[in-house]
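Subject: Two-chain model, handed over with notes

Hello,

Here is the model for your files. Please open it alongside this message; my notes follow below.

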Amino acid sequence: MRREIPLAITFLIGIFMLVDFFVPHHVVSSSAEEMKQWGTIVIAASILLGVGNLIRVHFHKIRRRREGWGYSITTLAIMGVMFFFGGPWGTIEEGSAFNWMFLNMQVPLQSTMFSLLAFFIASAAYRAFRLRSAEASLLLIAAIIVMLGRVPLGQLLTRSWPEAIQLPNMTEVIMAYPNMAAFRGILMGAALGVMAMGLRIILGIERSYLGGEK
Amino acid sequence: MNAAMTMKLLRCFSFSAVVLLAACAWAQDAEPDTAAALPLDTIPPAPVTGLSARDYVDNSDAGDKIELTWVLSPDDGGGAEDVVSYQLWRSGGAEAEWDSLGTAAAGETRYRDEAAEPGVDYYYGIAAFDGANYSERVSFGPVAGRANFFQSSRMSVLVLMLVFFGMVLVFTKLAERGADLFVRRIPGLNAIEEAVGRATEMGRPVLYVPGIGEIDNIMTIASLTILSHVAKITARYETPLIVPTARAVVMSAAEEVVKEAHAAVGKPDGYNPDNIRYLSDAQFAFAGAVNGIMLREKPAANLYMGAFWAESLLLAETGFEAGAIQVAGTAMVSQLPFFVTACDFTLMGEELYAASAYLSREPKLLGGLKGSDWMKVLSITIMTAGVVLYLLNPDNAFVAWFSSW
């Protein structure tokens, strides 16, 4: 029964959602909408599981003095501080300590991580564009055209050339035809993959996501 | 002329100039009044044509919506070009009184009545308005709204879906009966076992990142099916498997998957719950924490499977710098170039969904894979035929019908 009940629920809900896509009757659509809201609530409530896991993992690390246990103390301490200020004085109210810490500590830290992406892109692009093979050379040429074609310099350099081979126009051709063809090919394959996977899950053929095939 | 006389003359001249200027200003102000005195527009605009009304079906249909369409008045965008709006009316019967329904702006050819009683026959009227006069009223009816049980605009989706599902089920049955189904080699999936083997030889853990998608994301579910296979291999080799997650429900599902995988290979004691970690829901906090794991715990193999956004390159580049063998898989087209650049192998789009069948070689799952392949053949055939027919004759009736279907 440990497998059969989740599979039966998956089958019934899956079929119902499929029916909702084709049946516009308000009785069906309002029930489906209600169900989606339940899903959102369940997912939001599950954050408690995450917090429990976080405390357990870091507590074990500190107790066993594993490598980097000092970071675990910092993690738990900061979580405690956020809880302390978030509980009684609110979280999103302007001027609250929680909101201040969120805006002045968490947001800048996240922005810093995001801005590091520029350096990672540079190092990844250097490797990708090295002339190692015919494909890499093609990639390099296409990348140079697209990058220059997207900035005013590209237009400036080639404005006296015939229109068809001006960099902005070549960029448009590369993006609209070979790039879009590959993009759509991958997208269509993925869409069929999603449908096949969805059918396998609804029919209970695919069940390893439940923790085992049997 | 003495000085006093000169001053008097100057004053008189200045006064006259001021009076003259005031008179000119008054005359200018008075000009619009002169224009207003022109005869009023008494010519009504030409009426609309082709008014029709139909039951409108949307995704939540209670039968209370009726959509009106019409062809613009010849004086809207042409002719006298003086139509400013369209007045709409509704009545409950051919002889009943008209009630005002609303207005549509000039240039509009569509209006939706969203307050109709389901099943009641209505008549609709429309007249063009030029700011002073209404055109002759054009009416249409009767028409009634009803709550529909089928979204007819999705007929094509239904037919193709049934064909596709039929193919999947046929191939699944064939596979169950022992038919030999050829599946092309996917190097990225073959590399998973190799990567785990390498980590085992080096005595270092395997890192499996199931993306940052929620559990309702199909990529996350596909990732959990791959995690099940990876966890069996690591459990067999007794290699630590670290699974950092960004969603609490995914963490809970991953715990179950890894625990069951250990039980399935007869090594339940090898399961370490501390290795299935919830890190943070925040995208870059999660990326920072995973990067920290890569640099501190030095996994020898990093597997990224699931839905990734901007954090993909942050993870893959850090893993590359740490010297781990990396295999990624996602259907997020915008992130694929980053994974291709920074990882040793990448599963693109459908390969992620094929992984479970490919790795398990279970006949039932392989049937689904073959069904997808044949559906792709059918889609490519239809598209090629459409392009050829269109190139031969752009007015081809079949192409027009098929495009609008």
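How far apart are the end C-alpha atoms of helix 3 (residues 187-202) of chain B, and what should its 16 residues span? The ends are 22 Å apart, and the expected span at 1.5 Å a residue is also 22 Å, so the two agree. (The expected span is 1.5 Å times one less than the number of residues.)

Some ground rules. This is a predicted model, in which local features need pLDDT of at least 70, side-chain atom pairs count only at pLDDT 80 or more, and totals for chains, interfaces and linings use all residues. Residues are numbered from 1 along each chain as its sequence is written, while chains are lettered from A and ligands numbered from 1 in the order in which they are written. Helices (H or I, at least four residues) and strands (E, at least two) are DSSP runs, numbered from the N terminus.

Helix 3 of chain B

The buried residues here are B:Gly188, B:Leu189, B:Ala191, B:Ile192, B:Ala195, B:Val196, B:Ala199 and B:Thr200. Buried means 20 or more other C-beta atoms within 10 Å of the residue's own; exposed means 12 or fewer; partly exposed is in between, with C-beta atoms placed from the backbone. An α-helix has 3.6 residues a turn, so residues three or four places apart point the same way. The buried residues of helix 3 pack against several elements of chain B, including strand 8 (206-211), helix 4 (218-237) and helix 9 (350-360). Strand 11 (301-307), strand 12 (325-330) and strand 13 (345-348) are also among their partners. B:Met202 sits in this helix too. It is partly exposed, with 15 other C-beta atoms within 10 Å. B:Met202 and B:Thr239 are 37 residues apart in sequence but 9.9 Å apart in space, C-alpha to C-alpha. B:Gly203 follows the helix, with a positive phi near 70 degrees.

Chain B overall

Chain B has eleven helices and 13 strands. Its radius of gyration is 37 Å, whereas a compact globule of 405 residues would have one near 22 Å. (The radius is taken over C-alpha atoms; the globule rule is 2.2 Å times the number of residues to the power 0.38.) The C-alpha atoms fill a box of roughly 120 × 80 × 45 Å along the principal axes. Buried residues make up 41% of the chain. Of the contacts with a separation of 6 or more, 67% join residues 24 or more positions apart. Contact means C-beta atoms, placed from the backbone, within 7 Å.

Three backbone spots in chain B to look at:
- B:Gly141 and B:Pro142 are joined by a cis peptide bond, omega about 0 degrees. B:Pro142 is in strand 7 (residues 138-143).
- B:Glu238 is not a glycine, yet has a positive phi of about 55 degrees. It lies in the loop between helix 4 and strand 9 (241-245), and is exposed with 9 C-beta neighbours inside 10 Å.
- B:Arg361 has a positive phi near 60 degrees. It lies in the loop between helix 9 and helix 10 (363-392), and is exposed with 10 other C-beta atoms within 10 Å.

Chain A

Chain A has nine helices and zero strands. Its radius of gyration is 27 Å, against near 17 Å for a compact globule of 214 residues. The C-alpha trace spans about 70 × 50 × 40 Å along its principal axes. Of its residues, 17% count as buried. Residues 24 or more positions apart account for 24% of the contacts with a separation of 6 or more.

Helix 4 (residues 69-89) of chain A has 21 residues; its expected span is 30 Å and its end C-alpha atoms are 31 Å apart, which agrees. A:Gly90 comes next, with a positive phi near 85 degrees. Helix 4 and helix 5 of chain A pack at about 135 degrees, axes 8 Å apart. A:Met82, A:Phe85, A:Gly86 and A:Trp89 in helix 4 meet A:Ala97, A:Phe98 and A:Met101 in helix 5. That contact has six nonpolar residues, one polar and no charged. (Ala, Val, Leu, Ile, Met, Phe, Trp, Tyr, Cys and Pro count as nonpolar, Asp, Glu, Lys and Arg as charged, and the others, Gly among them, as polar.)

Where the chains meet

The contact takes 52 residues from chain A and 67 residues from chain B. On the chain A side, helix 9 gives the largest share, 16 residues. By class, that side has 30 nonpolar, 18 polar and four charged residues.

Best wishes

Methods:
Two residues are in contact if their C-beta atoms, placed from the backbone, lie within 7 Å. Axes are lines fitted to C-alpha atoms, for helices over the stretch in contact, and angles run from 0 to 180 degrees between N-to-C directions.
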